[in-house]
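Hi there,

Here is the structure I promised to pass on to you. Have a look at it first, and then read on for what turned up.

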Amino acid sequence: MFSGVTVEQFEQAKNKLSTLKKDPGNEVKLKIYALFKQATQGPCNTPKPGMLDFVNKAKWDAWKSLGSISQDEARQQYCNLIGYLLEAEAGSSAQVAAKPAGSGATYETLLVTTEDDITTIKLNRPAKKNAITTEMYNEIIAALEQAAKDDSVITVFTGAGDFYCSGNDLTNFTKITEDGVQEMARRGGELLRKYVKAYIDFPKPLVAVVNGPAVGVSVTVLGLFDVVYATERATFHTPFSQLGQSAEGCSSYTFPKLMGAAKASEMLLFNKKLTAAQACELGLVTEVFPDSSFQSEVWTRLKAYAKLPPNSLALSKQLIRSMEKERLYAVNDAEVELLVERWTSDECINAVMSFFSAKAKL
Amino acid sequence: MFSGVTVEQFEQAKNKLSTLKKDPGNEVKLKIYALFKQATQGPCNTPKPGMLDFVNKAKWDAWKSLGSISQDEARQQYCNLIGYLLEAEAGSSAQVAAKPAGSGATYETLLVTTEDDITTIKLNRPAKKNAITTEMYNEIIAALEQAAKDDSVITVFTGAGDFYCSGNDLTNFTKITEDGVQEMARRGGELLRKYVKAYIDFPKPLVAVVNGPAVGVSVTVLGLFDVVYATERATFHTPFSQLGQSAEGCSSYTFPKLMGAAKASEMLLFNKKLTAAQACELGLVTEVFPDSSFQSEVWTRLKAYAKLPPNSLALSKQLIRSMEKERLYAVNDAEVELLVERWTSDECINAVMSFFSAKAKL
Amino acid sequence: MFSGVTVEQFEQAKNKLSTLKKDPGNEVKLKIYALFKQATQGPCNTPKPGMLDFVNKAKWDAWKSLGSISQDEARQQYCNLIGYLLEAEAGSSAQVAAKPAGSGATYETLLVTTEDDITTIKLNRPAKKNAITTEMYNEIIAALEQAAKDDSVITVFTGAGDFYCSGNDLTNFTKITEDGVQEMARRGGELLRKYVKAYIDFPKPLVAVVNGPAVGVSVTVLGLFDVVYATERATFHTPFSQLGQSAEGCSSYTFPKLMGAAKASEMLLFNKKLTAAQACELGLVTEVFPDSSFQSEVWTRLKAYAKLPPNSLALSKQLIRSMEKERLYAVNDAEVELLVERWTSDECINAVMSFFSAKAKL
């Protein structure tokens with residue numbers, strides 16, 4: 001299988017080892033250690049370290065596990081492994097370099113950046129209080145899909161300007177095609193279902209940095225985030241019934257679960273607007289910060305979190321989510337079905353008309 | 001199908017339109033508009049309004065949707081529609097007038113009234129702290145069934161006098177027939193199951209106005225209400241185990257869900273009595289009010305809520321409830337089964353006997 | 001079936017009745033009363049007491065239920081019943097006397113005692129902050145099994161010394177046998193699954209008396225307790241991800257259910273340490289006490305609780321638990337499966353090595 005390596009090649013490999021930029025991880029380091037020992041001293045026959053001498057025991061185990069392979073073969077495997085690690089690193093850098101600088105440039109309504117192992121998705125229509133248009137729904141879905149696959153450890157959601165997000169852009173309702181209201185409602189429902197599903201399925205810790213008032217669907221999906229930090233200026237408002245509509249984002253399940261029916265109903269049925277402190281007390285928000293130090297405190301913390309073992313974080317988050325994933329899919333379906341009915345109802349059409357009439361008079 | 005209408009009949013219909021007392025809703029108004037345009041100007045051939053001109057676009061869509069029906073036919077349909085609306089309104093008034101004034105008069109133990117789109121069910125045995133007798137259980141079930149069907153938007157539950165409700169009237173236990181304890185327990189279980197089911201199934205927002213201390217089953221079913229307002233004088237007490245009994249009203253599921261096992265167990269296992277403030281902190285109560293302004297603050301708020309779109313409210317409430325309706329049925333069954341066993345147990349019979357002995361000595 | 005008893009034997013039985021030390025319970029007492037009446041006056045033919053005269057009605061019912069059995073037969077049954085009660089009591093005392101005094105003596109790492117109807121399981125490795133070794137896991141499982149079967153009404157968990165419990169003893173990780181890491185992980189997983197199952201299945205009220213800081217698995221299983229009392233000195237810390245591990249003790253289900261994902265994630269993903277007050281606010285702790293009065297306040301309360309009807313307490317607890325027992329089993333399985341994977345992962349091995357390296361340097 002292999003033709004043997006010279007002592008020079010072995011020495012070269014040994015020297016190149018120190019040029020690796022990334023720590024290859026402990027298992028690989030133990031393998032390198034063991035192959036080096038086998039290559040230079042032959043099979044392990046030193047006494048087994050004591051049970052509590054954990055580090056030396058691990059090294060000894062690794063060396064011992066090579067059994068009686070020859071020093072020649074150990075040298076060959078050593079060189080192969082170092083070579084593989086160097087190539088992998090070079091390839092990975094090349095790949096990074098091939099990416100367009102500032103990947104956020106590809107979105108019209110979002111700013112998406114990755115720094116310090118954190119991918120940040122920033123809603124970027126500050127003049128419209130970051131209201132979510134149809135285009136923006138699609139871009140957020142795409143940005144979440146990309147963040148799920150990139151190298152980042154944590155994904156952050158936030159808004160540009162003083163508002164976090166004013167929810168569904170009601171002008172979406174005015175874009176009725178010839179197909180009429182029914183068809184518009186059906187398509188809106190499909191988009192919403194896909195949008196909420198992107199949050200349910202997101203595989204890494206997802207953090208909301210709520211930099212100002214939040215309305216509608218931007219509030220309801222918070223129940224699908226792992227951590228929600230809010231400035232004291234933030235408010236949380238879900239005025240569905242006054243628009244003849246009904247709750248989405250799985251909030252008809254997550255909110256009663258979180259705060260009990262008695263508190264959730266005031267929000268979801270009776271349009272109560274919460275302060276940041278109230279939302280924190282009810283468990284919708286993890287912690288509230290003074291506005292002046294909000295960004296610096298939150299980002300210091302997030303950068304520390306992003307240094308934790310990434311697989312442990314992702315797998316722990318997925319474990320927690322797995323407990324109710326099927327349930328959340330079913331809730332999302334039921335909510336969308338009711339909303340599609342609502343959008344074509346008299347109550348909703350009246351309420352949205354009143355909204356635009358009132359706006360027109362201003 | 002129709003023989004045409006005269007211009008006079010058409011004019012008459014047009015004039016009668018203004019005599020409608022109730023807004024027929026937007027969809028109907030768009031239809032009336034469209035038929036009038038078609039009847040007077042023929043098929044729609046004006047330019048389509050811009051996407052953002054929502055109101056005119058909706059009108060244009062309605063007119064356009066009539067296609068090429070003749071002006072004659074449009075006149076006929078116009079007259080039919082107006083006629084139908086007028087008849088429906090007259091019929092509805094007649095029906096209301098046929099109802100006995102003050103429908104609350106039909107109950108022995110309750111005062112039931114409907115005003116401002118709110119049906120109020122008031123427990124009316126203030127001398128007995130509104131303790132629930134067998135008759136009262138049956139009347140509450142009937143009142144809930146009626147409120148579910150009436151025109152009200154919200155249903156409110158409250159108590160007459162200084163107490164909200166002292167729970168199950170323990171004299172229910174003394175009414176043992178010849179059939180003996182087993183049969184009494186079986187019948188009591190069936191009544192309780194039906195009673196709790198009436199809360200699970202209630203299809204509109206259900207609000208508790210807790211005007212004073214609440215005990216036993218009047219506390220446990222609060223987990224099935226949508227909103228719970230309490231005066232600061234209210235307390236919440238579920239002394240089941242000290243009476244040798246066990247929890248009902250789905251509280252063995254709703255309470256741990258709401259406040260966690262660590263808090264719920266002190267109530268349900270160890271008879272801890274909560275203040276209104278504590279109950280609010282744990283999510284059992286939506287909000288606590290000073291006793292002096294309790295009624296005025298609460299009813300001002302409820303009257304405002306009752307003006308919201310009724311279908312959105314009812315459908316949103318039903319959506320939230322649908323998430324766990326099957327679960328609640330199963331919990332109700334399990335609780336009733338255990339209670340029937342408890343009622344025939346030595347522990348319970350001893351405890352109830354002690355209760356009456358202690359009372360007899362007073 | 002019986003040959004009759006003399007009047008002397010009947011009088012003897014009557015006199016022995018007063019020597020019974022334990023109240024035989026109400027049903028038995030009613031039976032004794034009825035047999036005595038039948039034996040001395042014959043079949044019941046007094047007027048039936050009124051519905052509300054509960055005590056006399058119960059007595060009358062018991063007497064009436066004997067029908068027309070003869071006075072002879074009633075005397076015989078009376079003597080048999082008293083004889084049975086006296087024998088049962090004597091046997092029960094003998095059994096108690098046969099038990100070794102201080103059953104706690106059989107454990108190496110625990111102190112287990114039963115007093116005032118309360119069985120207390122005290123972790124007893126104060127020098128090691130009550131860290132849980134493999135032996136201790138096994139002993140706790142055995143102690144819970146024994147407490148489930150003994151005569152106590154409530155079971156209490158606490159720690160010796162200033163710490164409640166520092167969690168899994170990390171030296172468990174250093175005891176790698178020749179079978180290697182995989183086998184160790186598999187066995188550790190099986191032990192953990194069995195350990196957590198012992199909490200899920202525990203059939204009586206289970207109370208944690210948290211006398212100091214709590215870490216790791218001693219925190220996560222608190223979600224399976226019925227009541228958690230904590231000294232103000234207690235802290236609650238679950239540093240899983242920083243050790244490359246993931247949550248257990250059903251906490252990936254119970255914690256988000258209890259406090260919502262936004263709060264639970266900071267604990268379970270990001271290693272946030274809670275104060276006792278914070279843990280109480282989030283529902284993990286029932287109540288916090290000043291350290292100076294902690295033990296006296298808590299034990300006064302627990303002794304009172306232990307006097308409540310034992311069956312009502314146990315059956316109520318089992319009813320609450322039954323709502324989610326299957327769910328908890330499934331969660332336990334999923335958590336153990338992930339942890340076994342984690343324990344053999346590079347992230348975890350690195351983190352545990354760092355832990356011991358850091359310790360070695362101290």
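**A hairpin, an interface and an axis**

Let me start with a small detail in chain A: the hairpin of β1(A) and β2(A) has two residues between its strands, and Asp116(A) there takes a positive phi near 50°. Please keep in mind that this is a predicted model.

The two strands of that hairpin are β1 (residues 110-115) and β2 (residues 118-123) of chain A; they run antiparallel and are joined by six bridges. To find your place in the pairing, look for Leu111(A), which has Lys122(A) of β2(A) opposite.

Next, the place where chains C and B meet. On the one side 32 residues of chain C take part, and on the other 39 residues of chain B are in contact with them. Which elements of chain C give two or more residues to the side that touches chain B? They are α2 (26-41), α3 (54-64), β6 (227-231) and α12 (310-322). The largest share comes from α12(C), with nine residues. By type, this side of chain C divides into 19 nonpolar residues, eight polar ones and five charged ones.

Finally, how do the copies relate? A turn of 120° with a shift of 0.0 Å along the axis lays chain A on chain B with an RMSD of 0.2 Å. The two copies are therefore related as by a three-fold rotation axis. If you want to see which residue of chain A comes closest to the rotation axis, go to Lys257(A): its C-alpha is at 4.2 Å.

Enjoy exploring!

Best wishes

Note on methods
Residues are numbered from 1 along each chain as its sequence is written. Chains are lettered from A and ligands numbered from 1 in the order in which they are written. This is a predicted model: local features need pLDDT of at least 70, side-chain atom pairs count only at pLDDT 80 or more; totals for chains, interfaces and linings use all residues. Two residues are in contact if their C-beta atoms, placed from the backbone, lie within 7 Å. Helices (H or I, at least four residues) and strands (E, at least two) are DSSP runs, numbered from the N terminus. Ala, Val, Leu, Ile, Met, Phe, Trp, Tyr, Cys and Pro count as nonpolar, Asp, Glu, Lys and Arg as charged, and the others, Gly among them, as polar. Copies are superposed by least squares on the C-alpha atoms of residues with pLDDT of at least 70 in both. Two strands pair if DSSP finds at least two bridges between them.
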